[in-house]
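Biologist: I'd like to learn how to read a fold with a bound molecule. Can you walk me through one?

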Amino acid sequence: MPEDEPPVSATNDPFSYHRPVLPAEVVQYLAPGPGKIFLDATLGGGGHSELLLQAGAQVIALDQDTEALEHARHRLRGHATRFCAFHANFRDFAAMLEEAGIGKLDGILADIGVSSWQLDSAERGFSFSQDGPLDMRMNQQAGRTAAELVNDSDVVELERILREYGEERQARRIARAIVARRAERPFTRTGDLAAFIAGVVPRHGKTHPATQCFQAIRIAVNEELTALAEFLAAAPRWLKPGGRLALISFHSMEDRMVKQAFARCSTEWLDRPEWPEPRRNPEHCLRLLTRKPVEASEEEVKINPRSRSAKLRVAERIEA
Ligand SMILES: C[S@@+](CC[C@H](N)C(=O)[O-])C[C@H]1O[C@@H](n2cnc3c(N)ncnc32)[C@H](O)[C@@H]1O
């Protein structure tokens, strides 16, 4: 696409692609300003990056979705001297920064999960409410699709994915039913899979019966939890002393991983019954700035219902 041609997602509404959650809180904790450099590990529609740029900071951004990159590069073209964006998975951010010759950072932001644009675009295959190809890859250039996962995984693997990533109590029943049905006719469409799951398990309340299965399949397709674990292990080393790491998550599993990673790096002394005395924690390099996760205000949830489940945790790099 020529650089000056707007992508299909560009409209006059800055939030048509995605409305950033907890915008004021992100700015408050990251304290962007001239001379500071940040990594936005999940560029998406560019909303958070824009806030950092508007405060005068430099932003290096990445996203594994080329549609997001096209959209955000166009939206942020006015900040070109202080902004650059790369197509990469955030699990590889360190290699990307090294290659680009970028040193330590004043802050790192990751707002993990999917964007509204991805969720609402039927052809991306994330949605059970709109029919589309069973894809769900954030990076459409790599990896196996949701259809490949659903049609090729053995029943044990399928059950594990639904149980572990979707916390789906009927995982075994659904996995067995999927395996029996696909032998006759493989799954290729989101609408077909959603309707099939709804026929296997009853609806409880307002939630669609396929909600947790779709979440689980998406997490597996995009290897979301391993990517997050690798990112969390590497991120603190890339902060200057006083630099801040801000993580926004939307699922309890991810928030637990962030909480545990922050706890591991912010504990100064370790003690075990078999040790004669406590020992210094070699991983100690962070100070917690949020003991409890920061959540969206009622006003924000009213404007942006997707912010309801957002949890922000922030930690600061100490002198090593
Ligand atoms: C919730 S959106 C981010 C929205 C963004 N903060 C904004 O203000 O518009 C999440 C974005 O992160 C991207 N993403 C998720 N996991 C990723 C990963 N492991 N590596 C790179 N990008 C990822 C998705 O493609 C999506 O565009």
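Modeller: Let's start at the ligand, bearing in mind that this is a predicted model. A nitrogen atom of the ligand sits 2.8 Å from a polar backbone atom of F90.

Biologist: Which residue puts a polar side-chain atom 2.9 Å from an oxygen atom of the ligand?

Modeller: That's Q118. There is a backbone case for oxygen too: a polar backbone atom of G46 is 3.4 Å from an oxygen atom of the ligand.

Biologist: How many residues are around the ligand, and which come nearest?

Modeller: There are 24 around it, and the nearest are H48, D63, F90, D111 and Q118.

Biologist: On to the sheet. What is the order of its strands?

Modeller: Read a sheet from one side to the other, following partners rather than sequence. Here seven strands form an open sheet with mixed pairing, in the order 3-2-1-4-5-9-8. Strand 3 (83–87) and strand 8 (286–288) are at the edges with a single partner strand each, so one side of each has no neighbour in the sheet. On average, neighbouring strands are turned by 20° against each other, direction ignored.

Biologist: In what sense do strand 1 and strand 2 pair, parallel or antiparallel?

Modeller: Parallel: strand 1 (residues 37–40) and strand 2 (residues 58–63) pair over four bridges. Within that pair, I37 stands opposite Q58 in strand 2.

Biologist: And which strands does helix 2 touch?

Modeller: Helix 2 (residues 47–54) packs on the sheet and touches strand 1, strand 2, strand 3, strand 4 (105–111) and strand 5 (239–249). The direction of helix 2 makes about 170° with that of strand 2. Helix 12 (residues 252–266) also packs on the sheet, touching strand 5, strand 8 and strand 9 (311–317), and its direction makes about 20° with that of strand 9.

Biologist: Now the cores. Which residues of the largest nonpolar core touch the most other members?

Modeller: The general idea first: in soluble globular proteins, nonpolar side chains tend to be buried together. In this model the largest nonpolar core has 34 residues, and L134, M136, L149, V150, I174, L193 and I217 touch the most other members. Elements giving two or more residues to this core include helix 6 (146–152), helix 7 (155–166) and helix 8 (171–184). Helix 10 gives the most, with seven residues.

Biologist: Take I174: what does I174 touch, leaving out residues up to four places away in sequence?

Modeller: I174 touches L162, E168, I197, V200, V201 and C213. Apart from this core lies another, of 33 residues, among them I102, L228, A261 and A315.

Technical notes:
Residues numbered from 1 in each chain as written. Predicted model: local features only at pLDDT ≥ 70, side-chain atom pairs only at ≥ 80, totals over all residues. Heavy atoms only, no water. Pairing = 2+ DSSP bridges. Axes fitted to C-alpha atoms, helices over the stretch in contact; angles between N-to-C directions. Contact = heavy atoms within 4.5 Å. Core = buried A, V, L, I, M, F, W, Y, C linked by side-chain atoms within 4.5 Å. Buried < 20%, exposed > 50% of the residue type's maximum accessible area, 1.4 Å probe, protein only. Near = heavy atom within 4 Å. Polar contact = N/O pair within 3.5 Å; in protein donor to acceptor, adjacent residues only side chain to side chain.
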